[in-house]
Amino acid sequence: MLGGAGILLGVAAVPAQAAEVSYRTECIPPAISGLPAVEGTTKVEITAPAEAKVGDEVTVTWKFTQAASKNPDVLDLDANTVKPTGTLKAGGAQTADIAMEGSRTNPAIPKNSDMKLSDMTGRLKLTTAGDVTLTPDGYDINVSKPISTDTKCTPKEAVNPSATIKVTSGGGTGGTPTPTPPSTPTPTPTPSGSATPSPSGSGTGGGSDTGGSGSGQTDFTGKEVSVPYACKTPIGDKNATSAVQIDARKNGGSFDLTVQFKASVMDSPADIPADSVKPSMEVVLGGADKGTVHVEGPTNSAPIKSGDPIEIPDLTGTYKPGATGSSTLSPGVLTVMALGTTTTCTPTTSEVSLTLDTSEQASGASGGGSTSSGSGSAGTSSSGGLAETGSDSHSALEALALVAGTVILLGGAVFTFMPGRRSR
């Protein structure tokens with residue numbers, strides 16, 4: 001029995017080694033966010049066999065003892081939504097890039113708390129005798145909810161090796177780890193060309209008409225006006241400008257309104273789940289009438305894949321006049337509800353898009369600050385849609401990305417999503 005035990009000890013694997021290394025790291029959010037990089041210190045512990053033979057295939061483990069940053073004060077991250085991938089550099093007697101991948105396993109991560117990343121594993125087939133060093137390199141962090149997005153983290157200084165494998169010549173049958181699937185690529189926003197002007201429809205353009213009360217005209221086309229917005233987003237204040245047009249169709253004594261936002265197209269920078277973004281606006285009344293008219297659109301009915309254009313329907317509602325005379329309609333406050341966040345954009349200046357001849361209706365809008373609809377409350381329509389909040393300039397596109405209010409947190413990096421415009 002003692003002899004058998006001695007034989008078993010003689011062929012036992014050399015114990016694994018573990019060593020921690022720390023390095024200054026820069027984490028960059030997706031480019032569409034326009035936000036600065038986040039810097040911090042990454043601490044990693046690499047575990048690998050202390051000794052092995054040429055021909056062995058060994059398993060190495062990357063353990064995060066400290067991520068480069070905390071989860072900022074915006075959103076709580078759900079359990080099992082965060083997944084790390086990275087690269088471990090082999091050097092010395094043998095050079096190679098070892099693909100490392102962790103599982104999507106994490107506790108819930110509250111705002112302002114440390115990021116919790118799972119251990120990553122990879123494998124290396126040893127080809128040369130000598131000392132093989134293992135050094136951590138860059139890593140990516142993917143968050144799957146509320147939409148999938150990635151943050152890239154790279155070393156900002158030379159990193160010391162964290163472990164060394166002494167490789168001897170001769171055959172061997174080292175470890176047989178489970179293959180690690182390839183990492184998920186980072187979604188990248190892609191511009192998709194110029195917007196197509198919307199049809200003008202029937203009626204008189206230029207924001208004025210004479211058919212509101214008895215001329216027989218039913219369709220009235222508003223003037224396209226440029227609206228500068230001051231937006232309060234979940235991550236700060238932003239300014240942006242967008243072109244808006246208000247059209248109307250006479251319906252008895254009331255008017256069915258359609259508000260169009262016109263701008264450049266931007267493709268989706270990430271997968272967007274259905275029913276995640278809903279816009280609304282308060283159209284401002286002036287002239288003979290006073291108050292506001294609520295218009296809104298439904299949430300996106302289907303998921304939108306990364307790289308696909310985001311189609312933007314119109315905002316609709318019903319205007320019930322509260323006064324007789326010439327009444328004006330101008331774009332007002334825009335509100336976007338997205339994934340549990342609210343962004344509010346207020347025009348810094350107001351310009352009339354449409355003028356209508358109106359006849360006072362019972363319980364109509366007039367009264368200074370009241371809300372008008374067909375029944376005295378907010379009007380809705382199943383044919384409406386997401387407010388278009390783009391611009392022809394790149395800087396405005398970035399600003400309006402924040403208007404949509406879709407904010408995804410990732411180790412200190414914030415991702416924002418901007419809806420584009422459908423072809424009309």
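**Exercise 1. The disulfides**

Does Cys27 count as buried or exposed at 2% relative accessibility? Determine also what Cys27 is bonded to and which parts of the chain the bond joins.

*Solution.* The model is a predicted one.

Step 1. Buried means under 20% relative accessible area. Cys27 has 2% relative accessibility and therefore counts as buried.

Step 2. The sulfur atoms of Cys27 and Cys153 are 2.1 Å apart, and the two residues form a disulfide. Because the torsion about this S-S bond is about 110°, the disulfide is right-handed.

Step 3. Cys27 belongs to strand S1 and Cys153 to strand S11 (residues 149-155), so that the bond links distant parts of the chain, 126 residues apart. Cys153 is likewise buried, at 2% relative accessibility.

Step 4. The structure holds 2 disulfides in total. Cys231 and Cys345 form a disulfide with a sulfur separation of 2.1 Å. The torsion of the Cys231 and Cys345 link is 115°, again right-handed. This pair connects strand S14 (residues 225-233), which holds Cys231, to strand S22 (residues 341-347), which holds Cys345, across 114 residues. Cys231 and Cys345 are both buried.

Step 5. With the bonded cysteines numbered in sequence order, the pairing reads 1-2, 3-4.

**Exercise 2. The aromatic cluster**

Describe the ring pairs in which Trp62 takes part with Phe64 and with Tyr139, and state the burial of the residues concerned.

*Solution.*

Step 1. A pair of aromatic rings is described by the distance of the centres and the angle of the planes. The count for the structure is 6 aromatic pairs.

Step 2. In the pair of Trp62 and Phe64, the centres are 5.6 Å apart and the planes make an angle of 45°, which is a tilted arrangement. Both Trp62 and Phe64 are buried.

Step 3. For Trp62 and Tyr139 the centre-to-centre distance is 6.2 Å and the angle between the planes is 75°, an edge-to-face pair. This pair links distant parts of the chain, since Trp62 lies in strand S4 (residues 57-66) and Tyr139 in strand S10 (residues 130-143), 77 residues apart.

Step 4. Trp62 has 0% relative accessibility and so counts as buried. Tyr139, with a relative accessible area of 1%, is also buried.

Step 5. Trp62, Phe64 and Tyr139 together form one aromatic cluster.

**Exercise 3. The nonpolar cores**

Which residues have the most contacts inside the largest nonpolar core, and which strand supplies the largest share of this core?

*Solution.*

Step 1. The largest nonpolar core comprises 35 residues, and within it Trp62 and Leu134 have the most contacts.

Step 2. At least two residues of this core come from each of several strands, including S1 (16-28), S2 (38-49), S4, S6 (82-92) and S10. S10 provides the largest share, 5 residues.

Step 3. Leaving aside residues up to four places away in sequence, Leu134 touches a set of residues that includes Ile46, Val60, Leu88, Ile98, Leu124 and Ile165.

Step 4. There is a second, separate core of 28 residues, and Tyr229, Cys231, Leu334 and Cys345 are among them. Cys231 and Cys345 are the partners of a disulfide treated in Exercise 1.

**Exercise 4. Salt bridges between distant segments**

For the salt bridges of Lys156, Arg123 and Lys166, identify each partner and the sequence separation that is spanned.

*Solution.*

Step 1. The structure holds 10 salt bridges. The side chains of Lys156 and Glu26 meet at 3.7 Å, N to O. Lys156 is in the loop between S11 and S12, while Glu26 is in strand S1, 130 residues apart. Lys156 is partly exposed at 37%, whereas Glu26 counts as buried at 17% relative accessibility.

Step 2. Arg123 forms a salt bridge with Glu57 at 3.8 Å, N to O. Because Arg123 lies in strand S9 and Glu57 in strand S4, the pair ties together parts 66 residues apart in sequence. Arg123 is partly exposed at 36% relative accessibility, and Glu57 is partly exposed at 25%.

Step 3. Lys166 pairs with Asp131, their closest N and O atoms being 3.7 Å apart. This bridge links strand S12, which holds Lys166, to strand S10, which holds Asp131, 35 residues apart. Lys166 counts as partly exposed at 45%, and Asp131 is partly exposed at 39%.

How values were computed
Residues are numbered from 1 along each chain as its sequence is written. This is a predicted model: local features need pLDDT of at least 70, side-chain atom pairs count only at pLDDT 80 or more; totals for chains, interfaces and linings use all residues. Side-chain values use heavy atoms; hydrogens and water are left out. Rings of Phe, Tyr and Trp (its six-membered ring) pair if their centres lie within 6.5 Å; planes under 30 degrees apart count as stacked, over 60 as edge-to-face and the rest as tilted. Buried means under 20% relative accessible area, exposed over 50%, partly exposed in between (1.4 Å probe, protein chains only). Helices (H or I, at least four residues) and strands (E, at least two) are DSSP runs, numbered from the N terminus. A nonpolar core is a set of buried Ala, Val, Leu, Ile, Met, Phe, Trp, Tyr and Cys residues joined through side-chain atoms within 4.5 Å. Contact means heavy atoms within 4.5 Å. A disulfide is a pair of cysteine sulfur atoms within 2.5 Å. A salt bridge is a side-chain nitrogen of Lys or Arg within 4 Å of a carboxyl oxygen of Asp or Glu.
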